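Please open the model in your viewer and keep the selection tool at hand. The tour goes from one selection to the next, and each stop says what can be found there.

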Amino acid sequence: MNILITGGLGFIGSHCAEKLFKKKHHITIITRELNIPHNLKKIKNDLNIIQADYSDKRILNDILNKIDIIIHTACTTVPENSTINPQYDIETNVIPTLNLIQSSLHHSIKKFIFLSSGGVIYGNTNTKYINEKTLTYPISSYGITKLMIEKYLYMYRIIENFNYLTLRISNAYGPGQLYKNNQGVISNWINKAKLNLPLEIWGNEKITRDYIYIDDITEAIERSLNQNVKGEYNIGSGKGTSLISLAKLIIKSVSSKSQIKIISDSERKFDILSNILDYTEFNKHTGWLPKTSLAEGIKKCLEY
């Protein structure tokens, strides 16, 4: 199939491009910045990489007449900086995505896969395991804009029979995640631990997250291509790990003799207390299961 990946040079996008290329799909990437990640350097000449803004309808008209499926991974913000400037979040994420959806409809794209965030759209809940029926009360602009896009996709499904799939992904991590981008606590802490620097915990050390390894994410995306799965689905490990437990695991993985300190910093208002995703529905429809344990994933990151 001919697949377009927006943000295909980013962390999830590049791993997705790599996996789908190996599965013999024809990959087109549209990206604002032309920084080729390490995992794509050997195959970059086999990919159709276009440096442009995916909201440019002229560019889209040139591309989409040859595309079967769109995988929309591009995003300009993270939870922390999105709330500082919500208007920018809307202008650079929601509006461009609406243009992309409308262009997809015009060109009769067979399937539109949107990578949302199961880690933030639900907000603080009263349930330990979060399923797709859990009410959504995001407390960051990042979560609100992700949910806005989900609702627009649903709207177009009702009024235009638009074939879309939303994957609500928990906290992604893996080799190649840039720790300098203020996103990805695992990559950030691994880098600090290797330099023997203290690991900072913002607020409550018992804050619990669901961490999902990148290969499990790309496997979920790959399974979504051919199977008749629509709507919104959680993609996570189904296991929760507190920040203090994560910090200790990383320190132990880096060096059992290390004296790296764990320090506490001020609380951040947009941090959710607990987030563990129930992926049962996606498993029912596709047979997908997360395969990589947190300890194994951290080991792979260190090896990388």
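Begin by selecting Ile 70 together with Phe 112, for Phe 112 in β5 is the bridge partner of Ile 70. Before going further, please bear in mind that this is a predicted model.

**The strands around β5**

Widen the selection to strand β4 (residues 69-72) and β5, which pair in the parallel sense over 4 bridges. Then add β6, since strand β5 (residues 111-117) also runs parallel to β6 and is joined to it by 6 bridges. Phe 112 can serve as a guide here, because besides being the bridge partner of Ile 70, Phe 112 has Tyr 164 of β6 as a bridge partner. Further along, select Ser 116, whose bridge partner in β6 is Arg 168.

Now colour β5 by burial: 7 of its 7 residues are buried. In a regular strand the side chains alternate between the two faces of the sheet. Looking along β5, you will find Lys 111, Ile 113, Leu 115 and Ser 117 pointing one way, while Phe 112, Phe 114 and Ser 116 point the other way, and all of these are buried.

What does the same colouring show for strand β6 (residues 164-169)? This strand is mostly covered too, with 6 of its 6 residues buried. On one side of β6 are Tyr 164, Thr 166 and Arg 168, on the other are Leu 165, Leu 167 and Ile 169, and both faces are covered.

**Helix α4 and the loops that lead into the strands**

Select Ser 104 next, which has its place in helix α4 (residues 86-106). Is Ser 104 buried or exposed? With 1% relative accessibility, Ser 104 counts as buried, since the cut-off for buried is under 20%. Show the neighbours of Ser 104 and, leaving out residues up to four places away in sequence, you will see that it touches Leu 64, Ile 70, Ile 109, Phe 112 and Phe 162. Two of these names, Ile 70 and Phe 112, are the bridge partners with which the tour began.

From α4, follow the chain into the loop between α4 and β5, where Ser 108 lies. Ser 108 counts as exposed because its relative accessibility is 59%, and the cut-off for exposed is over 50%. Most residues other than glycine have a negative phi, and most peptide bonds are trans. Ser 108 is not a glycine, yet its phi is positive, at about 55 degrees.

A second positive phi can be found by selecting Asn 161, which is placed in the loop between α5 (141-160) and β6. The phi of Asn 161 is near 60 degrees, again a positive value in a residue other than glycine, and Asn 161 is exposed, with a relative accessible area of 65%.

**Strands β1 and β2**

Move on to strand β1 (residues 2-6) and β2, which pair in the parallel sense over 5 bridges. Within this pairing, Ile 5 has Ile 29 of β2 as its bridge partner. Strand β2 (residues 26-31) is mostly covered, as 5 of its 6 residues are buried.

Then pick Thr 6, which lies in strand β1 and counts as buried at 0% relative accessibility. Which residues does Thr 6 contact, leaving aside its neighbours within four places in sequence? They are Ile 30, Tyr 54, Ile 71, His 72, Thr 73, Ala 74 and Leu 100. For a distance to try in the viewer, select the C-alpha atoms of Thr 6 and Asn 234, which are 228 residues apart along the chain and separated by 21 Å.

**Towards the end of the chain**

Select Thr 292, in the loop between α9 (280-286) and α10 (294-303). Although placed in a loop, Thr 292 is buried, with a relative accessible area of 14%. Leaving aside neighbours within four places in sequence, Thr 292 is in contact with Tyr 213, Asp 216, Gly 297 and Lys 300.

**Stepping back**

Finally, show the whole protein chain, whose secondary structure comes to 10 helices and 13 strands. The C-alpha atoms fill a box of roughly 60 × 45 × 40 Å along the principal axes. For 304 residues a compact globule would have a radius of gyration near 19 Å, and the 19 Å of the protein chain agrees with this. Buried residues make up 52% of the 304 residues. Among contacts between residues at least 6 apart in sequence, 78% join residues at least 24 apart.

Key
Residues numbered from 1 in each chain as written. Predicted model: local features only at pLDDT ≥ 70, side-chain atom pairs only at ≥ 80, totals over all residues. Heavy atoms only, no water. Helix = DSSP H or I, 4+ residues; strand = E, 2+ residues; numbered from the N terminus. Rg over C-alpha atoms; globule rule 2.2 N^0.38 Å. Buried < 20%, exposed > 50% of the residue type's maximum accessible area, 1.4 Å probe, protein only. Contact = heavy atoms within 4.5 Å. Pairing = 2+ DSSP bridges.
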